[in-house]
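Hi,

Here's the structure I said I'd pass along. Have a look at it first, and my notes come after.

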Amino acid sequence: MKITNRMLKTSLSAFLSIVLLLSIIQPQVIKAASGQDNTQLNNMIEQTVQYYKDYYNDASNKGAVSDSWWELVALWSAGQDLHNGTWRLPTWETKEPRLRPNAGGTDHIRYIYGLLALGKNPAHAWETNRNLWAELAAQQDPATGAIGGVNKHIWGMLALSAGEKLGQDMGSWNAASKQKALDYLLKAQYADGGYGLSATGSSGDTDITGMALLALGQYQGQSAVDAAIERAKELLKKRQLDNGGFDSVGTWGSGDNSNSLSTSVSGLVAAGDDVLSAKWKEPNGTVIDAYARFQQNDGSFKWKLTDSSTNRMATEQALVALLDIKHGKSVWSRLAEVKLPSDQSQTNGRTILVGEHQTSVTEGTYLDPLSSSKVTLEFLKDELPHVISVTSSTYLEIEPKTVVISTWDKRLELPHSLGTSNDNLLTKVNEGLSLVNKETTGIDLRLKVGGDQEIRFNQHVTLILKGQGDKEAGFINENGIFTLIPKYDNSSERNEEVYAYALNGDLIVKTNHFTEFVTYISKIKETSGGDNGSGNGNGGGTAPGGDSGSGNGNGGGVVPPVTNTITLSVEKRTIGEGDIIAPVRVELQDGDTAYTVLDRIAEKRGISIESTGSGANLYIQAIDGLAEFDNGSLSGWMYSVNGKFPNYSAGIYILKKGDVLRWQYTTNLGEDVGNKFEGNKETPGKPGLPVQPGGAGTGGGALTPKQVEESAKLKSLIDGASAWILSNRKFTVQDNFNDWDVMALARSGKQVPSTYYTVLENYVKEKKGEFRLVTDYERMALAVTAIGKDPSNVAGYNLLEKIYNNGRMTNQGTNGLVFALLALDANKTVVPNDALWTRDKLIQQLLAQQNTDGGFPLSKESNAVSDIDMTAMSLQALAKYQDRKEVKAATDKALSWLSSQQLANGGFKAWGVETSESISQVIIALSGLGIDLEDKRFVKKDGDLLKGLRTYLNTDGGFAHSRGEASNYMATQQALLALTAYDRLLTNRASLYVMTDAASTGTQKPKDEKTTYTDEASISAWAKEAVHKATELGFMQGTGKDKDASQFEPKRELSRAEFAALIVKYAGLQPQGTDSGFTDVSASSWYAGYVATAKEKGLISGVSANKFAPNQAISRQEMAAMLVRMKGLPKDADSSTGPKDQQQVAEWALPYVKYAYQAGLMSGEGGYFKPQLHVTREMAAVVMVRLHGIQ
């Protein structure tokens, strides 16, 4: 058949029409091909999936759970079987979490997508058969169409669209509500085509714009939507970098980062673009090339190029985006195509529906045995009728008009039995009983009432356990934590949440919450009588429960009944995770505050507390790893006593007998825990800040929304500057400027490299504590104080005494005076009255330096002009003394002079040059004085201090000395100090140079706090002190994952690899490379770098030319050789004397053994060295501490 040109043209037109139609209906299908066969893309995906497999197979991560919905969705998208045993799945796969139907945030969306990835139906979620889609739809504002803030709105639209496509019951989500939601999203687009967290704004956020395309992509074909998509694409194209990545711009933008890359890529794919096409290829690479820069060797991803560690969010978002490219379709759309089970509701036993107007319910008789079968009452309202449940073993009564005050599904399980033969249960109960020095050998009765979720009432209900009057009782909450129920000898009504007493042979439990209950017979735990007054253990005195000498523990006598108690709980119910500490009765000690009780019980239970400040300035940052801002910018910890939220710090709230203390996690400044925020009173000089630091019941002061927002913005800058310092500064060699690095890191809450203090001590030893400049002592004292160490004892030298008795104090003009005050005041140094420089003398001398214009010069004696930086530093030193009239007057003059010197752009000129350091010093000064940076004196026509400082910020996170220059270490140090100082002011924490909270920074333990290991009793007496000293110095650590509940394993033999790592750390070296030349040292092993470095430095040798035997236990003679090599064997070492058994020492090791023995580095027993004996961890600790002490 002959095909004419006309026929061909007609056929081609028809074909193109079909293609065009398909591209309108499902644009992503047409774009899929380009990612399918991309080798680089596929390799990156495979490496990332392998990273996740390796992570969950790693024994050190055995407690990790795949709890992130993004991670679950990413793994599903990668085709992984989430139920094949590789992945540890969250409990909320099958068990209902504490999720309120009207919960704020993105929790409903999280569970919807997480359940979809797990093959569950969110319309029939969990054992309670909840419809999460209908609950989410009900959160839409009928007037505006918004489902929440812009971020939640976007994801809400996506989730609801998925449910609709899957044909599920969507509740109130219909065509009208869907259109309203779309209209809201279209109106939220900024003029530049972007989207932000707010529905109004001018400069779009790269990440939110990409996310908005995910939702808009579902509605393509509508002219308004298509126009919005094109505008958003245009913005993203403008934001694309030459390397193929995407820039997060704006004042608080993150620059080039993998998260912005991922959200942009996923959004573009959802909108139908082929991101591998020429349109999205830049001169220096494609988006795949951009990803390659962020992928780590193990397949994970980091957030920014300057980061060194894996970022879990960056990794899961990158995997999602890479798979979107591969499939040519958004995973959030692909999840809308899964096949769902129709119903996941479970039944067990009987369910009785209680009518709304029913006044009473009675179930069971005295002849019915207590069985494991569940009988569930289902109510229609929170106010309950009269409920009675009877079995042969139990009697439950709920008085009429009792109200359920917790979030619940209106289902209540009546008492049913659980098994008692469970070793884990017995262990759990005994752990709780150990807090009161008791133990039990078995569980008599175990029953459950209420259900899996905690049900709380407005008053006590009664549970009678028949024939159990001679027993004690406890309860286990939904998190598996056991709590002892106090038992009294009479039936008097009490204000505790739960208590018990015996009556007619039965045990009566009065409780205002339902949970799992157990009964048992306990006895006093047998003790050895303690250590006779060392202050650490149980005394052996004759008084019941008393102590001998100064010991604080229980002796072997009978523990007296506890009567002076309060009730403590630590709750995270607002995020659906129950209690960290379920309500427990705590014995009250003299002077106990709301903080000391929390701290004491948390320590006993191995629960971490992160705090800053003390007393009135105490602020709780995190409990058990749950921190402020973890669940939004308004989240954090608050405390209440007897239902009221005090307006001052927990550090000064004195508790009294019978108080009910609740620490509660809030996600919205207390509104969700019953303490609705009602604005803030201002303090003169501190606009917008609370009157009392440490107030509002948060443990450190409730923050205004503005404070929270500003602090969150500062955090990204602080993180960036900290990362720059850690990446670009070396702490393994002595550098005076490292002291400022350390202080900036420590005060901003970052981890200080452990090698720093070792290097500093060695330097001070080398100099024998003598330095020419007084500022050397001051600088080191400040850094040492910042990391929680003692500046009065650095390698045996008192730096503080060298300051206040320094004869060269004024040789450095104003500088020496300023930092003398700051160093001495940092942790309340006691200065002797006869000191050469008392505080009064320092203050008077500093005030005398002030020029008539109000500024401070480098040196008044040299007739120097006023200097910006020195004036700001002088104000920092004088900040503490504003109650002195002469100081206040000098301060006001100095502030006026600084204000007059500030430029229109918010910056300053020092010696004719604008620098970032001057701005930083002024910010530190104002923050120390409690002056907000929005003070009108320091807000100029074109900018303020923060805006001025940000103009020196580089994309690598560091700060420049002058604008446009590369990041500079001094500029970055000072900028980090400034940002930290202002953040501390905003968040009501101790100021930068008030370091009484130094132990709370997370960088070091306080000097008088010893790490206590769980196997402390196994450490030999001769080694105990050395073990703790080695731990304090950072030479050795515990072996458990939990730093607060780890073992030392003192008797375990040390391997050659472990000892190689130990001496490399001690020498202040960093592991370099992985090729040691030994064939039995794998380059992928954790010790490869240490072995390579130790060999390169001549610290170790192999057992043969090419074998190191890394896992072989190290012998004493091998250890002697390594240590002496590191220290250096003296040429004149005495070779005549040695241990009695030196003939048993290998010939090659003999010189080293002799020197180690003679120098006291290693001793023997009775003159015998025992060279072949294997070294244990406690032996190594002793030797390393001895080596440290040899100058």
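Below is what I found, going from the whole chain down to a few single residues.

First off, keep in mind that this is a predicted model. The chain runs to 1191 residues, of which 53% are buried. DSSP-wise you get 35 helices and 29 strands. Of the contacts with a separation of 6 or more, 67% are between residues 24 or more positions apart.

Now the sheets. One of them is an open sheet of 4 strands, ordered E18-E17-E23-E22, and its pairing is mixed. Strand E18 (579-587) and strand E22 (636-641) sit at the edges, each pairing on one side only. From one strand to the next, the twist averages 15°.

If you walk across that sheet, the pairings go like this:

- E18 and E17 are antiparallel, with 6 bridges; Glu 571 is opposite Asp 579 in E18.
- E17 and E23 run parallel over 5 bridges, and here Thr 567 faces Val 660 in E23.
- E23 (residues 660-666) and E22 are antiparallel again, over 6 bridges, with Val 641 standing opposite Leu 661 in E23.

Strand E17 (residues 565-571) deserves a second look, since 7 of its 7 residues are buried. In a regular strand, side chains alternate between the two faces of the sheet. For E17, both faces turn out to be covered. Thr 565, Thr 567, Ser 569 and Glu 571 are buried on one side, while Ile 566, Leu 568 and Val 570 are buried on the other.

There is also an open sheet of 7 strands, again with mixed pairing, in the order E4-E6-E7-E10-E15-E14-E13. Its edges are strand E4 (360-363) and strand E13 (487-488), each of which pairs on one side only. Inside that order, strand E14 (residues 498-503) and strand E15 (residues 506-514) run antiparallel and are joined by 6 bridges. Ala 502 is the residue opposite Leu 507 in E15.

On to the helices. How do helix H27 (residues 916-929) and helix H29 (residues 969-986) cross? Their axes come within 8 Å, at an angle of roughly 25°. Angles under 35 degrees count as roughly parallel, so H27 and H29 are roughly parallel to each other. The crossing is left-handed. On the H27 side, the residues that meet H29 are Ser 916, Glu 917, Ser 920, Gln 921, Ile 923, Ile 924 and Ser 927. Their partners in H29 include Met 970, Gln 974, Leu 977, Ala 981 and Leu 985. It helps to recall that an α-helix has 3.6 residues a turn, so residues three or four places apart point the same way.

Helix H32 (residues 1088-1096) is another one to find in the viewer. It is largely enclosed by the rest of the structure, because 7 of its 9 residues are buried. The buried ones are Ala 1088, Gly 1089, Tyr 1090, Val 1091, Ala 1092, Thr 1093 and Ala 1094. Helix H31 (1056-1066) is among the things that cover the buried residues of H32. Just after H32, Gly 1098 takes a positive phi of about 75°.

Finally, two single residues.

Glu 516 lies in strand E16 (residues 516-524). Is Glu 516 buried or exposed? Its relative accessibility is 11%, and buried means under 20%, so Glu 516 counts as buried. Its side chain makes a polar contact with the side chain of Arg 446, at 2.6 Å. Setting aside neighbours within four places in sequence, Glu 516 also touches Leu 418, Leu 425, Leu 447, Lys 448, Gly 474, Phe 475 and Ile 476.

Tyr 1168 is in the loop between helix H34 (1150-1158) and helix H35 (1177-1189). With 41% relative accessibility, Tyr 1168 counts as partly exposed. Again leaving out neighbours within four places in sequence, Tyr 1168 is in contact with Lys 1140 and Asp 1141. Tyr 1168 and Gly 1138 are 30 residues apart in sequence, and their C-alpha atoms are 9.2 Å apart in space.

Cheers

Technical notes: Residues numbered from 1 in each chain as written. Predicted model: local features only at pLDDT ≥ 70, side-chain atom pairs only at ≥ 80, totals over all residues. Heavy atoms only, no water. Helix = DSSP H or I, 4+ residues; strand = E, 2+ residues; numbered from the N terminus. Buried < 20%, exposed > 50% of the residue type's maximum accessible area, 1.4 Å probe, protein only. Polar contact = N/O pair within 3.5 Å; in protein donor to acceptor, adjacent residues only side chain to side chain. Contact = heavy atoms within 4.5 Å. Pairing = 2+ DSSP bridges. Axes fitted to C-alpha atoms, helices over the stretch in contact; angles between N-to-C directions. Parallel < 35°, antiparallel > 145°, perpendicular 65-115°, else oblique. Left-handed = near helix turned anticlockwise from the far one by under 90°.
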